[in-house]
Each structure stands twice: as C-alpha cells, then as structure tokens.
Amino acid sequence: MSVILECNSLTKKFGSVTALNNINLNLERGKIIGLLGPNGSGKTTLIKLINGLLVPTSGTIRIAGKAPGVESKKIVSYLPERTYLPDWLKVSQAIDFFKDFYEDFDVNKAYDMLKRLNLDPSKTLKSLSKGTKEKIQLILVMSRNADLYCLDEPIGGVDPAARDYILNTIITNYNENATVIISTHLISDIENVLDEAIFIKEGNLHLHSSVDEIREKEGKSIDALFREVFRC
C-alpha cells in the first residue's frame, strides 16, 4: 500500500517546551492506527500539525505527498478533542453545513447513521446529551470519503456503551483505502480494532509497529505494554 502520511524530523516547540521532537514516521493506507500516550505526550500536537492548525518548528510533514494546507484538507477528515458545533444548530443543519463545505461528504451515509441512532435530525444540539453530541460529530467526520481520518480522543468522556457505538461506527464507515488515526490514552477500549500502534512519550516516538508484531515480540497486550512503558 502507498504511504498516506510522512513525517521527517518533525519537531514542534512552544517557546522553550518541545512538544514533538524529531519525529520520523511513515503511515500506509488501509490501516487503523492507535496514536497512544498519556495526556501531554504530544498526540494532539501531531494531529494539529497534520491538519495545518500548527506549523512545524522544523522538519516536514506530508499527506499523500502534500504539505498541510487547502489541498490536504480536502482528503483529511478531522475530529477534534472538543465539540466545536454551536448548540443552536439543528442536526440537519450540521449535515447541510458539511455537505456544502466538503465535496466528499456522503449525505445518505450521515442520515443512515442517524437512523440507526433513532435520532431526530430536527433536534438542536443543545437538546442532546454530551455523549450524543460526540456521536453526531463523529457521524459528520466519518460520512466523508476521506483518505485520512484523524480522531482526537473520540472515546474520551463517554460511557462504555457509547464507546462501543463510536468504535463500531469507525470500523464500519471508513474508506477501506484510507487510514484512521485514533488518538487516545484508553488503550484497552480500542486495542482490538487496531492494525498498528504508535507510542509517543514526552514528545518522542517510542514505538511504531503492527499490533501483531508487538504481541509476538513482547508477549503481552498493547494495553499491558503501554502500562509498562508509561508506568500507569
């Protein structure tokens, strides 16, 4: 498979603080990849760099050969850590907004996922629970036929049943030639869906390998290795 994401000596500093240090990384298409590390390890910084929300201090980052910008954003679908849609917006209006903004947005897929949730598109976001709002935002992101999906903490702060729904939505709705990056510190909840794992520790790339290789080499689960590496 071809490379979808390439980072070469990627470094990001905020003043005297190094958030990412000399990251070298190649990610291929057709994978579900866990971007794993404790809070403050650099996961969100990397995702923001991929999406052009931050600029590298040094090094390069390419998405399908493109530097982050207008062209790369056409093929990257991004779920931020925090809800950004205004509360007064109706679910149907959020769908219309994405349809107008993204050429690859599949309206039928969005409404199909809403139907499976038994959710009324005429409801405002304000009337929905936090977990349901997060599901709506995920539905919008996964209804794009993107090449790269960047999901920042998609299962943080929701109950276990909601986590199951979210993970199932991710698995069943992404383009099979695309890659999904799931940033999280909740390893046990996502381990079974991962093809590869990336460990980031204090801004440094500690490990990047297939989950099968990790289990074979280390003789333990991704969650157990994570706890060992990060002492949690």
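**Exercise 1.** State how many helices and how many strands the chain has.

*Solution.* In this predicted model, the chain contains nine helices and nine strands.

**Exercise 2.** Determine which element of the chain has the lowest mean pLDDT and which has the highest.

*Solution.* Begin with the chain as a whole: its mean pLDDT is 90, and 97% of its residues reach 70 or more. Turn next to the elements. The lowest mean pLDDT, 76, belongs to helix 6 (residues 160-173), whereas strand 4 (residues 58-63) has the highest, 97.

**Exercise 3.** Establish whether the radius of gyration of the chain agrees or disagrees with that of a compact globule.

*Solution.* The chain has 232 residues, and for this number a compact globule would have a radius of gyration near 17 Å. The value for the chain is 17 Å, so the two agree. As a further description, the C-alpha trace spans about 50 × 35 × 35 Å along its principal axes.

**Exercise 4.** Describe how helix 4 and helix 5 are arranged, and identify the residues through which they meet.

*Solution.* First, consider the axes: those of helix 4 (residues 107-116) and helix 5 (residues 130-142) come within 9 Å and cross at roughly 150°. Second, apply the cut-off: angles over 145 degrees count as roughly antiparallel, and the two helices are therefore roughly antiparallel to each other. Third, the handedness of their crossing is right-handed. Fourth, list the contact: helix 4 contributes Lys-109, Ala-110, Met-113 and Leu-114, which meet Ile-136, Ile-139 and Met-142 of helix 5. Finally, classify these residues: six are nonpolar, none is polar and one is charged.

Technical notes:
Residues numbered from 1 in each chain as written. Predicted model: local features only at pLDDT ≥ 70, side-chain atom pairs only at ≥ 80, totals over all residues. Heavy atoms only, no water. pLDDT = per-residue confidence, 0-100. Helix = DSSP H or I, 4+ residues; strand = E, 2+ residues; numbered from the N terminus. Axes fitted to C-alpha atoms, helices over the stretch in contact; angles between N-to-C directions. Parallel < 35°, antiparallel > 145°, perpendicular 65-115°, else oblique. Left-handed = near helix turned anticlockwise from the far one by under 90°. Contact = heavy atoms within 4.5 Å. Nonpolar A, V, L, I, M, F, W, Y, C, P; charged D, E, K, R; others polar. Rg over C-alpha atoms; globule rule 2.2 N^0.38 Å.
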